[in-house]
Amino acid sequence: MSDVLVLKSQRFRSEREADWKRLESLLELLETGRMSRLSDDDVIALPVLYRATLSSLSVARSISLDHNLVVYLESLATRAYFFVYGSRTTLGERLLAFFLRDWPAAVRRLWRETLVSTGFCMLGAAVAAVLVNRSPDWFFAFVPSALAAGREPSASSAMLKASLFNHDSRGGLAIFASFLFAHNSQIALFAFALGFACCLPTALLMLYNGFSLGAFVMVFASHGLLLDFLGWTLVHGVTELFAVILAGAAGFHIGWSIAFPRHLSRLDAAAAAGRTAATVMAGVVLMLAMAGMLEGFGRQLIQSTAARYGVATVTAIGWGLYFYRPGRGR
C-alpha cells in the first residue's frame, strides 16, 4: 500500500512540479525586490500559478500524499498569497498615506463631534471661571492644593507673574506643567476609551478638562495676568488641548454610533465607528507627544509673551490648514 502511495506522490509531483517551480522563481524575484525583471506574461501567470498551487494542495491533502509535499505546497501558497492578495505598499508608503490622507480625512469626518467636544470643554472652563470669580473657595474644588503649589486666589501678583517666567526646570511651574500634560493625556485616553457608554463619560471628562483650566484662568485674570498666562499655556496648549478635543470627538463618535446605529447592528456600528476613531486616536498620540516637546522646550526657551503667542498662532494655523483647508477633502 505504501508503495502505491509513493508512486502516486511521484506521479502527482512530476505532472505539476514545473508550475510550482515557476511560481517559486517568480516569488524569489518579488521577495528580493527584483520586480522589474518580471515580464507581462509573468505578472499574468502569477495568480494562475497561485490558484493551481492551491488546487494541488487540496488534492495532496485529500488523498494523504507525502507530508513533506503538503508542507512545501502550504509554504508556497502562503508566500504567493501576500503578493496576489496582500498589501502592495511599504511601511513608508503606509505612513505617508496616513499623514497625507487617512488621518486628516478621519478628523474631518468627525467635525460635528469635534464641535460638541469643544463645546463641553469650553462650558467646563466657563463654569469654573464664573464660580471661582464669585467665590475663590471654589478654586480648590477644581484644583487640588498640592498641585496648585501656591498659584491660588490668595497668591500675590508678583508671585504669579514670577511663576510664568521661571527658568528653573525644577520649580513649581515645571511640576504644574507636567501635571497639565499628564492630566490632559489621561483625559484624552479615557474620553476615547469610555465613549462606548453612550457618550456620557466622554461628556463629563470634557467638562472636567475645562474645569481646571477655567479655575486657573480666573486666578491669573484677577491679578491682571490673563494674557501672560494664556501665552504660557497656548505654547503647547494649542496642540495639547486640540488633541484632547479630538479624543473626545472620537469617544462621542463611538458612543453616538452605539446609541443610534441606524440600519446596522450595534456591534457593526461600533466596529465601523471604531475604525475611524482609532485612526483619529493614532494621530492624537502623536499630537500629545508633540505637545510634550513644545511644553518641555517652549516653556524654558521662550520667555517672551509675544513670542509665545507667535508660536501658538503658528501651531493653530498649521493644524487648521492641515485638517480643514479648502479642498483638503479632494
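Let's start with Arg-16, which counts as partly exposed because its relative accessibility is 28%. The side chain of Arg-16 meets that of Glu-15 in a salt bridge, with 3.3 Å from N to O. This is a predicted model, and the points below go from the whole chain to its charged pairs, its rings, its surface and its cysteines.

**The chain as a whole**

- The secondary structure comes to 13 helices and 0 strands.
- If you read along the sequence, the pattern is therefore one α after another: α-α-α-α-α-α-α-α-α-α-α-α-α.
- The chain has 330 residues, and buried residues make up 42% of them.
- Take the contacts between residues at least 6 apart in sequence: 75% of these join residues at least 24 apart.
- About 17600 Å² of the chain is exposed, and carbon and sulfur atoms supply 65% of that area.

**Salt bridges**

- Side chains of opposite charge can pair when their charged atoms come close.
- In this model the count comes to 5 salt bridges, and the one between Glu-15 and Arg-16 is among them.
- Another salt bridge brings together the side chains of Asp-42 and Arg-22, at 3.2 Å from N to O. This pair links distant parts of the chain, since Asp-42 sits in helix α2 (residues 40-62) and Arg-22 in helix α1 (residues 2-31), 20 residues apart.
- Are Asp-42 and Arg-22 buried or exposed? Asp-42 counts as buried because its relative accessibility is 16%, under the 20% limit. Arg-22 has 35% relative accessibility, so Arg-22 counts as partly exposed.
- Asp-102 forms a salt bridge with Arg-94, and their closest N and O atoms are 3.2 Å apart. Salt bridges with shared partners join Arg-94, Arg-101 and Asp-102 into one network.
- Within that network, Arg-94 is partly exposed, with a relative accessible area of 38%.

**Aromatic rings**

- How many aromatic pairs does the structure hold? The count is 20.
- One of the pairs is Phe-98 with Trp-103, which is stacked: the centres are 5.9 Å apart and the angle between the planes is 10°. An angle under 30 degrees is what makes a pair count as stacked, which means that 10° qualifies.
- Both partners of the stacked pair are buried: Phe-98 has 16% relative accessibility, and Trp-103 has a relative accessible area of 3%.
- Trp-103 also pairs with Phe-99, where the ring centres are 6.3 Å apart and the planes lie at 70°, so this pair is edge-to-face.
- Phe-99 and Trp-103 both belong to helix α4, and they are 4 residues apart, about one turn of the helix.
- Phe-99 counts as partly exposed, at 33% relative accessibility.
- Which residues do ring pairs link into a cluster? They are Phe-98, Phe-99, Trp-103, Phe-242, Trp-319, Tyr-322, Phe-323 and Tyr-324.

**A nonpolar patch on the surface**

- Phe-99 turns up again here, as Leu-91, Leu-95, Phe-99 and Leu-286 form a nonpolar patch on the surface. Together these residues have about 380 Å² of accessible area.
- Where does the largest share of the patch come from? Helix α4 (residues 91-109) gives that share, with 3 residues.
- Leu-91 is placed in helix α4. Its relative accessibility is 65%, so Leu-91 counts as exposed.

**Cysteines without a disulfide**

- The structure holds 0 disulfides. Cys-198, for example, is in no disulfide, and its nearest cysteine sulfur, that of Cys-199, is 6.9 Å away.
- Why is there no bond for Cys-199? The closest cysteine sulfur, in Cys-198, is 6.9 Å from its own, which is too far for a bond. A disulfide needs the two sulfur atoms within 2.5 Å.
- Are the two cysteines buried or exposed? Cys-198 counts as partly exposed, at 47% relative accessibility, whereas Cys-199 is buried, with a relative accessible area of 11%.

Terms used:
Residues numbered from 1 in each chain as written. Predicted model: local features only at pLDDT ≥ 70, side-chain atom pairs only at ≥ 80, totals over all residues. Heavy atoms only, no water. Buried < 20%, exposed > 50% of the residue type's maximum accessible area, 1.4 Å probe, protein only. Patch = residues over 30% accessible without salt bridge, like charges linked within 9 Å, V, L, I, M, F, W, Y side chains within 5 Å. Areas by Shrake-Rupley, 256 points an atom, 1.4 Å probe, with all protein chains shown as cover. Salt bridge = Lys/Arg side-chain N within 4 Å of Asp/Glu carboxyl O. Helix = DSSP H or I, 4+ residues; strand = E, 2+ residues; numbered from the N terminus. Contact = heavy atoms within 4.5 Å. Phe/Tyr/Trp six-rings, centres within 6.5 Å; stacked < 30°, edge-to-face > 60°.
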